[in-house]
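Please open the structure in your viewer and keep the selection panel at hand. The tour below proceeds from one selection to the next and states what is to be found at each stop.

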Amino acid sequence: LRAHPAGLAGVGALPLALSFAGPRPNPITSLAQFAFDLPREARVSLAIYDLSGRRVADLATGRYSPGRHEASWNATDARGNRANAGLYFARFATAGLSRTVRVALLP
């Protein structure tokens, strides 16, 4: 069970509903913030993909405790290299909710 994995922090009281909010700001130049609310423990996946469908970065993976969690993307790939300017997709998935949102990265 992960309550506060690297890059995430539990914030506030237990939410009543499952939700995903992302990214802020959008477009981004260097950092995007995402948030998700879990009313109960759940397995979560939050990752960034490029236009070809290649996974660029994992932001949250594993089991998370109930509560609000936050994750950030610092516009780098899994190797720590700066991602190229362009359009990306953030995909959030957990039991009961799957969402994909666009993330525009400016130079």
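**First stop: the sheet**

Begin by selecting strand 4 (residues 42–49) together with strand 7 (86–94). These two strands run antiparallel and are joined by 6 bridges. Strands here are DSSP runs of E with at least two residues, helices are runs of H or I with at least four residues, and both are numbered from the N terminus. Two strands count as paired if DSSP finds at least two bridges between them.

The model is a predicted one, in which local features need pLDDT of at least 70 and side-chain atom pairs count only at pLDDT 80 or more, while totals for chains, interfaces and linings use all residues. Residues are numbered from 1 along each chain as its sequence is written, and side-chain values use heavy atoms, with hydrogens and water left out.

Within this pair of strands, select Tyr 49, which stands opposite Phe 89 in strand 7. Keep Phe 89 selected and turn to strand 8, where its bridge partner is Arg 102.

Next, display strand 8 (97–105) in full. Strand 7 and strand 8 are antiparallel, with 9 bridges between them. They form a hairpin with 2 residues between the strands, and Gly 96 in the turn has a positive phi of about 95°.

Now add strand 5 (residues 55–64) to the view. The result is an open sheet of 4 strands in the order 5-4-7-8, with antiparallel pairing. Strand 5 and strand 8 stand at the edges with a single partner strand each, so one side of each has no neighbour in the sheet. On average, neighbouring strands of this sheet are turned by 10° against each other, direction ignored; the axes are lines fitted to C-alpha atoms (for helices over the stretch in contact), and angles between N-to-C directions run from 0 to 180 degrees.

**Second stop: the nonpolar core**

Select Phe 34, Leu 46, Ile 48, Leu 59, Trp 73 and Tyr 88. Of the 25 residues in the largest nonpolar core, these touch the most other members. Such a core is a set of buried Ala, Val, Leu, Ile, Met, Phe, Trp, Tyr and Cys residues joined through side-chain atoms within 4.5 Å. A residue is buried under 20% relative accessible area, exposed over 50% and partly exposed in between (1.4 Å probe, protein chains only).

Which strand gives the most to this core? Strand 5 does, with 5 residues. At least two residues each come from strand 3, strand 4, strand 5, strand 6, strand 7 and strand 8. In soluble globular proteins, nonpolar side chains tend to be buried together.

**Third stop: Ala 35**

Move to strand 3, in which Ala 35 lies. Is this residue buried or exposed? Ala 35 counts as buried, because its relative accessibility is 10%. Contacts (heavy atoms within 4.5 Å) join Ala 35 to Ser 19, Phe 20, Ala 21, Arg 68, His 69 and Glu 70, leaving aside residues up to four places away in sequence. Ala 35 and Glu 70 are 35 residues apart in sequence, yet their C-alpha atoms are 4.3 Å apart in space.

**Fourth stop: the salt bridges**

How many salt bridges does the structure hold? There are 5, each defined by a side-chain nitrogen of Lys or Arg within 4 Å of a carboxyl oxygen of Asp or Glu.

Select Arg 68 and Asp 37, whose side chains meet in a salt bridge at 2.6 Å, N to O. Arg 68 is in strand 6 (residues 67–73) and Asp 37 in strand 3 (residues 32–38), so the pair ties together parts that are 31 residues apart in sequence. Arg 68 is partly exposed at 29% relative accessibility, whereas Asp 37 is buried at 11%.

Proceed to Arg 63 and Glu 41, a salt bridge whose closest N and O atoms are 2.7 Å apart. Arg 63 belongs to strand 5 and Glu 41 to the loop between strand 3 and strand 4, 22 residues apart. Arg 63 is partly exposed at 33%, and Glu 41 is partly exposed at 35%.

Finally, select Arg 55 and Asp 58, which form a salt bridge at 2.6 Å, N to O.

**Last stop: the whole chain**

Clear the selection and view the protein chain, which comprises 0 helices and 8 strands. Buried residues make up 39% of its 107 residues.
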